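Open the model in your viewer and keep a selection box handy. We will move from one strand to its neighbours, then into the core, and finish at a single side chain.

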Amino acid sequence: MRWVRRFSKLFAVLAVTLLLFVITGASDTMVFYARIIKLYTQEPHTKIAMPFAEVKKKEIADTWQAPRGTDRKHEGQDIFAPRGTPVLSATSGYIYKIGENNLGGQTVSVISKGGRIYYYAHLDSYANGIEVGDRVTTRTVLGYVGTTGNAQGTPPHLHFGIYSFSGAINPLPLLTDRVTPTVTKKQTPIHRSHRLVL
Ligand SMILES: [Zn+2]
């Protein structure tokens, strides 16, 4: 029967396509797209974590929309920290892009809820082994503070930007300080021996 032959042909094409996806790793790409589609359906974060463990929100001088040259306004916030300080993801999500550009230098972009893109720029270097598609949490190190791109000659800082569908939005109102772990006192030898006795 003709339709059976047509059906089996279609099935064979599907099977081969699926096999190719698995072999070429395109299935990973499809999984990544599926994850991104899911993110688009979620409400964007109303609170995000400071990209540095030690820097507090009040230490940020608000430079949102500050003039940069004659034709540009600052589409983000600059957060200063010593060169090499680990940059932590402000949100959960997935690595969307890792790349270099003239203004940002070495940059990492993370896609998160609502399809928002969180942009980390002027990185000295990237975190070891990070790849596009990797899942990140607010504990994930993305890279290290530097002066790449147009930050050359300035004190090391992170340029942090957020992009929604309508364009750049100010990260400052969303940022919240990280809870710094309470300093635990080192155990004295007496405690240690006591524990050994127990
Ligand atoms: Zn900046």
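## First stop: β7 and its partners

Select β7 to begin: six of its seven residues are buried, so this strand is mostly covered. Bear in mind as you look around that this is a predicted model.

Now add β6 to the selection. β6 and β7 run antiparallel to one another, paired over seven bridges. To find a matching pair of residues across them, pick Tyr94, which stands opposite Ile111 in β7. Follow the chain from β6 into β7 and you will cross a hairpin with three residues between the strands.

On to β8. This strand also pairs with β7 in the antiparallel sense, here over five bridges. Click on Val110, and then on Tyr118, its bridge partner in β8. The link between β7 and β8 is again a hairpin, with five residues between the two strands. Stop at Gly114 in that turn and check its backbone: phi is positive, at about 75°.

## Second stop: the core

Which residues have the most contacts inside the largest nonpolar core? Select Val87, Val108, Val110, Tyr120, Leu123 and Leu158; the core they belong to has 29 residues. The elements giving two or more residues to this core are β1 (48-49), β5 (86-88), β6 (93-101), β7 (105-111), β8 (117-126), β10 (141-145) and β11 (157-164). Colour β8 separately, since it supplies the largest share, six residues. As background, nonpolar side chains tend to be buried together in soluble globular proteins.

Zoom in on Leu123 next. Beyond its neighbours within four places in sequence, Leu123 is in contact with Val87, Gly105, Gln106, Thr107, Val108, Gly143, Tyr144, Gly146 and Thr148.

## Third stop: Gln77

Move to strand β4, residues 77-80, where you will find Gln77. Is Gln77 buried or exposed? Gln77 counts as buried because it has 23 C-beta neighbours inside 10 Å, and 20 or more are enough for that label. Setting aside neighbours within four places in sequence, its contacts are Ile60, Thr63, Trp64, Phe160, Pro171 and Leu172. Draw a C-alpha to C-alpha distance from Gln77 to Ile60: the two are 17 residues apart in sequence and 7.8 Å apart in space.

## Zooming out

Finally, show the whole chain. The protein has three helices and 13 strands, and 26% of its 198 residues count as buried. Of the contacts with a separation of 6 or more, 67% join residues 24 or more positions apart.

Terms used
Residues are numbered from 1 along each chain as its sequence is written. This is a predicted model: local features need pLDDT of at least 70, side-chain atom pairs count only at pLDDT 80 or more; totals for chains, interfaces and linings use all residues. A nonpolar core is a set of buried Ala, Val, Leu, Ile, Met, Phe, Trp, Tyr and Cys residues joined through C-beta atoms within 7 Å. A residue is buried if 20 or more other C-beta atoms lie within 10 Å of its own, exposed if 12 or fewer, and partly exposed in between; C-beta atoms are placed from the backbone. Helices (H or I, at least four residues) and strands (E, at least two) are DSSP runs, numbered from the N terminus. Two residues are in contact if their C-beta atoms, placed from the backbone, lie within 7 Å. Two strands pair if DSSP finds at least two bridges between them.
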